[in-house]
Amino acid sequence: MAKIHVTTTINGAPTEFLCDPSQTLLDVLRDQLGLTGSKEGCGSGDCGACSVTVDGRLVCSCLVLAPEAEGAKVETIEGMAQGDKLHPLQKKFVEMAALQCGICTPGFLIASRALLERNNNPTETEIRYWLAGNLCRCTGYDKIIHAVMEVAAEMRESAK
Amino acid sequence: MSNPKYKWIGTRPDRPDGADKVTGRARFAADFNLAGQLIGKVLRSPHAHARIKSIDTSKALALPGVKAVVTAKDFPEQADLTVPAGEMQVNLRDVTRNIMAREKVLYEGHAVAAVAATTEAIAKQALSLIKVDYQILPHVIDVAEAMKPGAPVLHETLMTEGAKPPATKPSNIAKRIEFAKGDTKAGFAKAEVIIERSFTTQAVHQGYIEPHAALASASEDGQVQIWSTTQGHFQVRGFCARLLNMETSQIRVTPSEIGGGFGGKTVVYLEPLAVRLSQKSGKPVKMTMSREDVFRASGPAPGGNVHVKIGAMKDGRIVAGECTVEMQAGAFPGSPVGPACMCSFACYDIDNVFIVGFDVVSNRPKVAAYRAPGAPISSFAVESTIDMLCQQLNMDPIDLRLKNAATKGTKTAYGVTFGVIGMVETLQAAKDSPHYKTPVKPGFARGVAAGFWFNVGADSSAAAHVGEDGTVTVISGNPDIGGSRASLALMAAEELGIDYDKIRPVIADTASIGFNFVTGGSRVTFATGLAVVNSVRDLIRDLKSRAAKTWGVDPDGVIWENGMAKPAGSNVGTFEPLSIAQLAATAGKTGGPINGHAQLNVTGAGPGFGVHVCDLAVDADTGIVTIGRYTAAQDVGTAIHPSYVEGQLQGGAVQGIGWALNEEYIYNAQGRLANAGFLDYRIPVASDLPMIETVLVEVPNPTHPYGVRGVGEVPIIPPLATVGNAVARATGLRMLDLPLSPPKLSAALDAARPLMAAE
């Protein structure tokens, strides 16, 4: 089967790749582009470990076909830190022990950033529902929710 | 909060692997790749129970791109030999049959063949070309059914070990065990109140988010390298050596970062297959399980049937306890029925106890360890029965437990007499918690339950190396599953008297550090922590001898204080203290590199106790449970890094909540798992939960220099009964069977409604 040529932007960098029509965006990110920060926990959109944004929209990259990235702007965990500076969410997750094994962490960070870009004053309940598509089996979510609340508060403070 | 006794212990610095894990840089098993690697895939049984009449792999092998195919014939037969795997025991004869079915397939998902091909698509196509001729056999899923005479027998040679009278024909009951203390007959005769009930729990999966994955590369000279996600790379080496008839020195295993394990990654599934495929193809082979494979073919925790009888006096004093545990082992013997029995009444000082356990095989995947293996199941039954006792005697559930709590000197039913333990302190802390002191909100009800786990020591090795600038690398050999690198570095910093950030903890592969038992049993911070402390003490001895050499004094005349060598007294002479950096700079002149080592078999693990409190509401129409508030109190010995200790309590509690409310393996009539995915096997999500409050009770373990007790396992034990007890108090309905899922709970409420109205 002929490969499809896709022209896209990943973490701000113009990127081209060839893929099968049936290949997922996650497979291309991980296996062809070496961006292994997005994880496959289920391959069925249930765990959120492969969360990325496509044109600002939070998606499970295991449910997106790679050709759908044509012309889009894809953001992955690898693009979250700026140079050697961690994003406030990344920093807070480490500071507040919001991770244990760390396999779900990239997905939670991408999802949390997408939330705070839309709403920098979410309630605890709003955070919990926004992140309900990301599974964490280690932390019981407590410290993740606290970290996101804390970053939201800092964002509101610095926006003043 | 920090520990006033220490400078570093009890503080909350950033974890050493933090930056890697928030940037996607950390490498988990599926992130490893080698040039020229093949992709390996496993063909799995669609049947719950069948005899394999023949396997024809010729068409698969002929497919262009397929480089190797393996079946059971590629693995040597194993002796009937039981070896430890995590906190469980496994028989090598069974392990080789579990990684690749031989005479029979024993559960849906059982591996029957594996292929390696140039692409995943070709590998998948090759699987469809393998022809297996099965003779389908009757199957049995349920433990009670499997125990009945006339049930389909899985293993024609399995005779019940410990049966009374001795077994005369094969059955599915692999083992009968018994623990006794005192005289329960006399105890029950004396009792003023007796409560007796039967409970069931379902099989649940550990649910680690990272599926099993392995990459193996075999060389023509017989050397093998493996990269895999495991709780014990030394065990991967050991199993592969046994299963492939190799020497351990030929196998080098590098553990990846591990994306959760909870006990489920203490055994091997893919590694031996990947090695064999690599040997046959001459190429590296990478294998990854799908989530469906993880559910169908990797170890769930067992379900069990537990019968409990408790006798007490009217003042709440328990005088007798009996418990019978029938536990799923899965397709091969070896359920955690032993610890389930031992933990059942261990929270309490009861004069008369009798416990019987049965290890029962059925056509399910072989169970693996899951956080305090077995204990949540027996504890659910005992703690629910105790709650009924509290209701009947109208006593506060914490007060009744305080009245019966195990203390130092309590002899357990399994024979051990407790040393310094914190059951009473933990109950008291739960009682004093802000949560327990707050009245229950209208519409909610409160449940309480306790739990016990032994904790484990075992074999650990560690090394401490001083770099030429005086910074230190601490090397250990246990995969870091929840922040253990931070706790090891904190203990090293405390011991050495230098800053935490001058210490870099690393986890070495099997060729770069001595043997370490698995990450499991809540042993790493305790036992490997002790090895690290001892390696640093060995290092300090070396550092002191270097200072002695520098000063021309006897090594006994040097002390180590705040990261410096100092003269022990004025009689030694007057010398400026020497820092570790200064000693490192002159190491070449005083004897070369400065290193410390330690290896030991650690005993004296301090048992842990937990007490949980839960407020919840039940929607009478839908059966949906809403948890309003949850608190986990636990004796943690000394909290080395309190954030990660809290994290263990919170994570364990939520796994237990999932076990109580939703999680279960559901089988159809054909013996096939009906919910092998995260959509239908529902683990708790963020919106299901409130914050999980924690109370860290510190009763130091006297056998550890910093008082460490394992903390990881206890917190999964109490939630099952804590939630169940709260549901019973919310609805007036005592649910004896887990999970308390909405359809089950609403059906039970519907059924009870006319009954309750009539009363």
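This report describes the two chains of a predicted model, their folds and the contact between them.

**Overall dimensions**

Chain A has 160 residues, for which a compact globule would have a radius of gyration near 15 Å; the value for chain A is 16 Å, which agrees. For the 759 residues of chain B the expected radius is near 27 Å, and chain B has 27 Å, again in agreement. Along the principal axes, the C-alpha trace of chain A spans about 50 × 35 × 25 Å, while the C-alpha atoms of chain B fill a box of roughly 90 × 75 × 50 Å.

The secondary structure of chain A consists of five helices and five strands; that of chain B comes to 21 helices and 30 strands. Buried residues account for 55% of the 160 residues in chain A and for 61% of the 759 residues in chain B. Among contacts in chain A between residues at least 6 apart in sequence, 59% join residues at least 24 apart. In chain B, residues 24 or more positions apart provide 80% of the contacts with a separation of 6 or more.

**The fold of chain A**

Read from the N terminus, the elements of chain A follow the order β-β-α-β-β-β-α-α-α-α. The strands of chain A form an open sheet of five strands, ordered S2-S1-S5-S3-S4, with mixed pairing. Strand S2 (13-19) and strand S4 (57-60) of chain A lie at the edges; each has a single partner strand, so one side of each is left without a neighbour in the sheet. From one strand to the next, the twist averages 40 degrees.

Within this sheet, strand S1 (residues 4-10) of chain A pairs with S2(A) in the antiparallel sense over seven bridges. One of the residues involved is A:Ile10, whose bridge partner in S2(A) is A:Ala13. On the sheet packs H3(A), which touches strand S3 (51-54) and S4 of chain A; the direction of H3(A) makes about 40 degrees with that of S3(A).

**Domains of chain A**

The domain assignment divides chain A into domain 1 (4-79) and domain 2 (88-159). The C-alpha centres of domain 1 and domain 2 of chain A are 22 Å apart. Their contact takes 13 residues from domain 1 of chain A and eleven residues from domain 2 of chain A. On the domain 1 side, S3(A) gives the most, with three residues. By class, that side of domain 1 of chain A has six nonpolar, six polar and one charged residues.

**The interface between chains A and B**

In the contact between the chains, 43 residues of chain A meet 43 residues of chain B. Four helices of chain A, listed below, each supply at least two residues of the side of chain A that touches chain B.

| Helix of chain A | Residue range |
|---|---|
| H2 | 88-95 |
| H3 | 105-118 |
| H4 | 124-130 |
| H5 | 142-159 |

The largest share of this side of chain A, four residues, comes from H2(A). The residues of the side of chain A that touches chain B divide into 23 nonpolar, eleven polar and nine charged. H3(A) therefore appears in two settings: it packs on the sheet, touching S3 and S4 of chain A, and it supplies at least two residues to the side of chain A that touches chain B.

How values were computed. Residues are numbered from 1 along each chain as its sequence is written. Chains are lettered from A and ligands numbered from 1 in the order in which they are written. This is a predicted model: local features need pLDDT of at least 70, side-chain atom pairs count only at pLDDT 80 or more; totals for chains, interfaces and linings use all residues. Two residues are in contact if their C-beta atoms, placed from the backbone, lie within 7 Å. Ala, Val, Leu, Ile, Met, Phe, Trp, Tyr, Cys and Pro count as nonpolar, Asp, Glu, Lys and Arg as charged, and the others, Gly among them, as polar. Two strands pair if DSSP finds at least two bridges between them. Axes are lines fitted to C-alpha atoms, for helices over the stretch in contact, and angles run from 0 to 180 degrees between N-to-C directions. Domain bounds come from an automatic or database domain assignment. The radius of gyration is taken over C-alpha atoms; the globule rule is 2.2 Å times the number of residues to the power 0.38. A residue is buried if 20 or more other C-beta atoms lie within 10 Å of its own, exposed if 12 or fewer, and partly exposed in between; C-beta atoms are placed from the backbone.
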